[in-house]
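Subject: The structure we talked about

Hi,

Here is the structure I promised to pass on. Have a look at it first, then read my notes underneath.

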Amino acid sequence: MLKTVRDACTPHPSVFEDDPLDNIDDLSRALADGAEAEEFFERSHLTAGMRQLFDQGLRRLAGRSDQAVFELTQAMGGGKTHTMVAFGIVARHPALRSRYVPELAAAAPFDRARVVAFTGRKHPEHYFWGEIAAQLGKAAAFQKFWKDLPGAPDEDAWIALIGDEPTLILLDEMPPWFDYAVTRPVGGGTLAQVATSAFSNLLAAALKLPRVCIVVSNLSGTYQDASKELRRAIRNVENEARRQAKPITPVELGGDEIYQILKKRLFAELPSDDDIETVVQAYAQAIHEAERSRSIARSTEQIADEIRRSYPFHPVIKDIIALFRTNESYRQTRGLKDFVAKMIRSVWSRATNDVFLVGLQHLDLNRPDVRDEIIRINDLRNSIAKDIAAGGEAHAEVIDGERNSDAASQVATLLLAASLSTAVDAVKGLTKQRLLECLIAPQRDVHEFSEAFEDLRRDSWYLHKDASDAFYFSNVENLTKRLSTEAERAPAPKVDKEMRRRLQVIFEAKKRAAYQELQALPEIDSVRLNGPRLLLVLSPDTKNPPEEAQRFYEDVVEKNNMCVVTGDGSDLGSLDEKTRIIYAIAKLQEELPEAHPHQTELSDKMEEAEQDFNATVTATFNRVWYPTRRDLVHTKLHMTFEGNRFDGEEQVERALTDISVSKLVLDIEKDVAGLIAKAEDLLWPAEQKRVPWRDLRAAALSNPRWTWLPNNGMETLRRLAEDRGAWRSTGDGYIERGPFEKEKTSVSIQERGYDEATGTATIEVTPLHAGRNAQAHYAEHEGVSSASPRLTDAKLDTDATRLWFVAEDPSGEHETGATVGWANKLTLTHQPRPTATGWEVELRVVPRGTIRYTLTGANPKEGTPYEGPIPIGNDETTIYCYAEDQGVEERRNFRIPRAGKPGVQIDLDAPARLKRRLQTDGTPESFSLLNRLAELRAAFAGVSTEVGGGAENASARFGSATSVAPAKLEELVKVLRGSLGQDDAEVRLKVQAIDFLTGRDLLAFACERDIELGPNEVEQ
């Protein structure tokens, strides 16, 4: 059966006393007899240091050792006095010696030693040498050394005083006596100087007396802040002692001896080994489970073995106390006993009997004696009062109340104990992993402590983290406190502005389908509803609909042009609090230098604050209200954050497109027939076929029964309805709904090619609205009719300047419509030829036309008619040309170089068109051309692309007047490949012309492609 320490152990009654005398060792106990001496040994643990002193000291008293002087070297409170008392008792009592250390007694046979015990906290009138003489029963022998003036006994006087009997002299706490002595003048010096000589002579005499043993406690450390005279006196005495003394450490505080001492001194009864092993195995299991969850890294076997040695104490006690045991105000062995006694009191006074090992985490800091003890070691009262223990009001206690646990208090108390060192550059605190290792216990889940730690880390005002990720308490406020202060001081207008900004970001309209504009927490009276659809984010209230939303809805005309996000709560207090924290963090991040160590922690806290803000938004805004025939109604808004990111617009879309709501339609084309019918039912005035389009748009904004469409959705619906013949625009701002009279015939004309050398165009002519057996006729004049030539092929090659077409429906279902005209292009070219006096330039226009020109830059339309080659001189000249035929016009400027200067002349900074047919033979060449022209920011003119091959192919062609950017053409290639289901289909390009931003780019491209430019291949 697993027993708690309260069920298995019985503390010594003195543990529960307010001021237990047995916890304070008095050197006079070394002179104890009978039961008192026996009881002392019953409550003592024989440490390795004691055994060493007993062994060598008893041998000296038996005359079997040359070592006469021993120095106990532990710091204050380190067990020195207790060790002296124990040695004094065994030296005086042969029976106790034989009972408790029989092997040592046998090795050093002698009867009863004389014992002298002197503590420097007493100031007898006959000084310490007179006191030694008095305790040896020979006070009169040393009267001369103190009666009139103090004098130092010499070596012979000490030898005569002590004699040959076994004599043990115990000198404890001498610095206080020397502190007194340096203030007493003697002749031209002080009593301290006399005492130093007396002490030195005593040690010298001891070396010559074979059965004298002197034990002195160490003198250094305790009075390092004393006066210069005292430090000199102590140093002199210390030097005298250490010339002859053997140092001994009474208690190894870093080992397990301390647990054995504590067990002896603090417990009257401990359980059996079997009961202890049950506890060990329970801890081993708890540790194993924590290992499996990767909460800790220590091995089960290691910790279990430590528990066997330390029970009923947690083995980590000595490690944590080691962090502050060198504090000046902490007495090591004696202080540890008092400290652990308070731990035991705390455990025995707990409301729940659930402790299996007494640990530092069980200290009850609400007990005045415990709190005072901690403050005496290191005054961290601010940390205690605000973060750890304050009658239920401290942060840890509040967390415990919320979690119905004491995990946070245990975490905080253990961290406090690890933070008590006052040394400069002290090692303080515990990492989270080490903390959890210390808190693992049977019947407790390690995650309980882990979660409590995170809560405490979030809320504490005095908890800090160092560079090694160790957490510790100090009296300096941490970032949490600073942030709390800054948050409280944050100006309300700035907090409100930040809250609105964040809500604006969360609900930002990006796709603009459910709404196009957003106002978060506005002054409702300032909202104007006369534009795109508006989302209002309003403060929650308990009314349905919210009062602000209902009042606004009743006052507006465009009732179908708004929706409201709010919640079923009552206020925004919690969101205001979260916003204040974010504001405070941002303020400190801006104020502190970038290299400041707090910047990393601030970043972590900002991430946590963002999560808290988002979680609060989720809890606060959980409804979206929208207009219906029943006024405003609501649906659930499922606010979910993914990766600390929330797309409020997407969530509103989901809510409004849900099948139970169906207020918003995202895919207009999918339900276009139903939407057309619904629009004609709800938006179109009854019995009217022709209405202003603006009236339909206004009706869509004001009729709450009308479905919401994405941004510009009404325009999309109009286009789709017109494409399907359901509606028709009349060109005067009105729109008609069907049924309509049949369309008149018409003709569609598309250019499929153009030969600049001959002026011959290839056009594709398609009759429209002319039935199955449609016919098309054409003529070179406007009087085209059914008597004109009939097209027998959809494609027509012609060099005519103008043509007119008309379509007929032989069935007579469609009335013959108006004729459709088409105009060809005129192409002007030039050909310079050298002459004896310079150049002559021949001009040509195809397919036909008259040419006028000028050499001055004047309007060539008013220039000289061209009748033959134009003679020009040797200088560079520009010919400005104009051609016309049947109202079709063309203008070109030709630069003629200076005589003797070869090549085409190009303006390097002006835009330039390369008029040369280019063709790629495969994918690598095609993409090389696309990439290079993209780098030059050039564009194609008259380009066609072919993708695939054989029966599986797709192509696209652009007219000669259509400019296509390389990136757009690449996107088209991707679409064509996708339509074939072949991502690696072969790609070929045919190009009629390329437009460059500058002539310089054209020349660079021509050079790269090894293109020799002809006189009519560059147009600027």
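**What I found**

Strand E21 (residues 760-768) and E23 run antiparallel and are joined by 4 bridges. If you want one pair to look for, Ala761 has Thr798 in E23 as its bridge partner. Before you go further, keep in mind that this is a predicted model.

Those two strands belong to an open, antiparallel sheet of 3 strands, in the order E20-E21-E23. Strand E20 (746-755) and strand E23 (795-798) are at the edges with a single partner strand each, so each has one side without a neighbour in the sheet. From one strand to the next, the twist averages 25°.

Further along the chain there is another open sheet, with 3 strands in the order E26-E27-E30 and antiparallel pairing. Here strand E26 (827-835) and strand E30 (870-872) stand at the edges; each has a single partner strand, so one side of each lacks a neighbour in the sheet. The twist averages 25° from one strand to the next. Strand E27 (residues 838-846) is joined to E30 by 3 bridges, and the two run antiparallel. Look for Val841, whose bridge partner in E30 is Ile870.

Now for some parallel pairing. Strand E2 (residues 69-72) is covered on both faces. In a regular strand, side chains alternate between the two faces of the sheet. In E2, Val69 and Glu71 are buried on one side, and Phe70 and Leu72 are buried on the other. E2 pairs in the parallel sense with strand E8 (residues 245-248) over 4 bridges, and Phe70 stands opposite Lys246 in E8. E2 also pairs in the parallel sense with strand E7 (residues 212-217), over 4 bridges. There, Glu71 has Val216 as its bridge partner.

On to the helices. Which way do H19 and H20 run relative to each other? The axes of helix H19 (residues 395-403) and helix H20 (residues 407-417) cross at roughly 155° and come within 7 Å. An angle over 145 degrees counts as roughly antiparallel, so that is how H19 lies relative to H20. H19 makes the contact through Ala396, Glu397, Ile399 and Asp400, while H20 uses Ala407, Ala408, Ser409 and Ala412. The residues in this contact of H19 with H20 divide into 5 nonpolar, 1 polar and 2 charged.

Next, try Ser383, which sits in helix H18 (residues 381-388). Is Ser383 buried or exposed? Its relative accessible area is 0%, so Ser383 is buried. Leaving out residues up to four places away in sequence, Ser383 touches Ile388, Tyr462, Phe473, Ser474 and Asn475. With Ser474 there is a polar link as well: a polar atom of the Ser383 side chain lies 2.8 Å from the backbone oxygen of Ser474.

Last one: how many residues of helix H23 (residues 479-489) are buried? The answer is 8 of its 11, which leaves H23 mostly covered. Among the buried ones are Leu479, Lys481, Leu483 and Glu486. The cover over the buried residues of H23 includes helix H22 (446-459), helix H26 (573-591) and helix H27 (598-620). At the N-terminal end, Asn478 caps H23, with a side-chain oxygen 3.0 Å from the backbone nitrogen of Thr480.

Have fun clicking around!

Methods
Residues are numbered from 1 along each chain as its sequence is written. This is a predicted model: local features need pLDDT of at least 70, side-chain atom pairs count only at pLDDT 80 or more; totals for chains, interfaces and linings use all residues. Side-chain values use heavy atoms; hydrogens and water are left out. Buried means under 20% relative accessible area, exposed over 50%, partly exposed in between (1.4 Å probe, protein chains only). Two strands pair if DSSP finds at least two bridges between them. Axes are lines fitted to C-alpha atoms, for helices over the stretch in contact, and angles run from 0 to 180 degrees between N-to-C directions. Angles under 35 degrees count as roughly parallel, over 145 as roughly antiparallel, 65 to 115 as roughly perpendicular and the rest as oblique. Contact means heavy atoms within 4.5 Å. Ala, Val, Leu, Ile, Met, Phe, Trp, Tyr, Cys and Pro count as nonpolar, Asp, Glu, Lys and Arg as charged, and the others, Gly among them, as polar. A polar contact is a pair of N or O atoms within 3.5 Å; within protein, one must be able to donate a hydrogen and the other to accept it, and residues adjacent in sequence count only if both atoms are side-chain atoms.
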